[in-house]
Each structure stands twice: as structure tokens, then as C-alpha cells.
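Hi,

Here is the structure I promised to pass on to you. Have a look at it first, and then read on for what turned up in it.

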Amino acid sequence: MARYRELVFSVERREAATRGHRVERVNHEIVRLDLARQAVLLRCGGRCENPACGGQPADVKDDGRPILEVDHVKRISEGGRDHPVQMVALCPNCHAMKEHGRQRDVLSATLLKVAEQAHARW
């Protein structure tokens, strides 16, 4: 509790000086093919493609589509392809586990197999 109060106190001391300020940045983004993303969303049938998914959100987006995030199992910046054979649709929890979880390497290997097998079936 003391640590929380300490953090809030620090925020309150600094917030007035930064409120409304913006930092200008130049960003060089990798070109991605929206068609690849669309193919993955079609292939998954509205379900998270992690075989160990504990359950994706019951809620949906405003337009009625499921809350899914398309992920490049092998990052493009690390030599992966922008192709459905290396992409999966994940619920937000599974996506977070794939990116930040302690078992992310094991999960990524599993998801790459899932993507390859699902792609081959289509």
C-alpha cells in the first residue's frame, strides 16, 4: 500500500507538467498485407486458434465480429512471412501469453504448427 501511495504521489507531482503534451515521432512500419489478415480470420471461423485456449471473450466488437487479434507467429522483423501459413488468430489473453508469457517459446512453436496445419487444410 505504501508503494502505491508513493507512485501516485510521484504521478501527481509530475502530471501537471506533462498534461496535454505530445511527443513527435517518426515511425517506419513494416508493410503488411490486409488480405493475409482477412484469410486468417476466415480460416479460424471466429475462434481462437490456440488449442489450449481457456476461453475467448463472449463479447464481440461493435460490428458483431469476434474479438480476435491476428498475430505473425514468426515476426516479420525477424524473417517471418506476411502469409497465413505463419499467422494465427488469437483471443486477447492467448495473444498476451504468446508475446509475454513465460512459456511463449513453447506456445509459439505450437502455434506455428497450428498455422501450418490449418493452412494446409484450406
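Leucine 41 is partly exposed, because its relative accessible area is 24%, and a residue has to be under 20% to count as buried. Please keep in mind that this is a predicted model. Leucine 41 sits in helix H2. If you look for glutamate 6, you will find that its C-alpha atom is 45 Å from that of leucine 41, with the two positions 35 residues apart along the chain.

Helix H2, which covers residues 34-44, also holds arginine 43. Is arginine 43 buried or exposed? Its relative accessibility is 11%, so arginine 43 counts as buried. Try zooming in on its side chain: a polar contact of 2.9 Å links it to the side chain of glutamate 49.

Next, turn to helix H4, residues 104-121, where leucine 112 is found. Leucine 112 has a relative accessibility of 17% and therefore counts as buried. Valine 88 is 24 residues away from leucine 112 along the chain, and the C-alpha atoms of the two are 8.0 Å apart.

Helix H1 is a nice one for practising with a ruler. It runs over residues 2-18, which makes 17 residues. At 1.5 Å a residue the helix should span 24 Å, and the C-alpha atoms at its ends are indeed 24 Å apart, so the expected and computed values agree. H1 also has a kink of about 30°, with glutamate 12 at its centre. After H1 comes glycine 20, which has a positive phi, near 85°.

Finally, there is the matter of empty space. Rolling a probe the size of a water molecule over the atoms shows where such space is left. How much space lies in the largest pocket? The answer is about 170 Å³. Its lining is made up of Ile30, Arg32, Val70, Asp71, His72, Arg75, Ile76, Ser77, His95 and Glu99. Sorted by class, these are three nonpolar, three polar and four charged residues.

Which elements supply at least two residues each to that lining? They are strand E1 (69-72) and helix H3 (92-100). E1 gives the most, with three residues.

Have fun exploring, and write back with any questions!

Best wishes

Note on methods
Residues are numbered from 1 along each chain as its sequence is written. This is a predicted model: local features need pLDDT of at least 70, side-chain atom pairs count only at pLDDT 80 or more; totals for chains, interfaces and linings use all residues. Side-chain values use heavy atoms; hydrogens and water are left out. On a 1 Å grid over the protein atoms alone, a cavity is a set of points where a 1.4 Å probe fits but cannot get out, and a pocket is an open set with protein on both sides within 12 Å along at least five of seven lines; lining residues have an atom within 4 Å of a point. Grid points are joined across faces, edges and corners, and a volume is the space filled by probe spheres set on the points. Helices (H or I, at least four residues) and strands (E, at least two) are DSSP runs, numbered from the N terminus. Ala, Val, Leu, Ile, Met, Phe, Trp, Tyr, Cys and Pro count as nonpolar, Asp, Glu, Lys and Arg as charged, and the others, Gly among them, as polar. The expected span of a helix is 1.5 Å times one less than its number of residues. The bend at a residue is the angle between axes fitted to the seven residues ending there and the seven starting there. Buried means under 20% relative accessible area, exposed over 50%, partly exposed in between (1.4 Å probe, protein chains only). A polar contact is a pair of N or O atoms within 3.5 Å; within protein, one must be able to donate a hydrogen and the other to accept it, and residues adjacent in sequence count only if both atoms are side-chain atoms.
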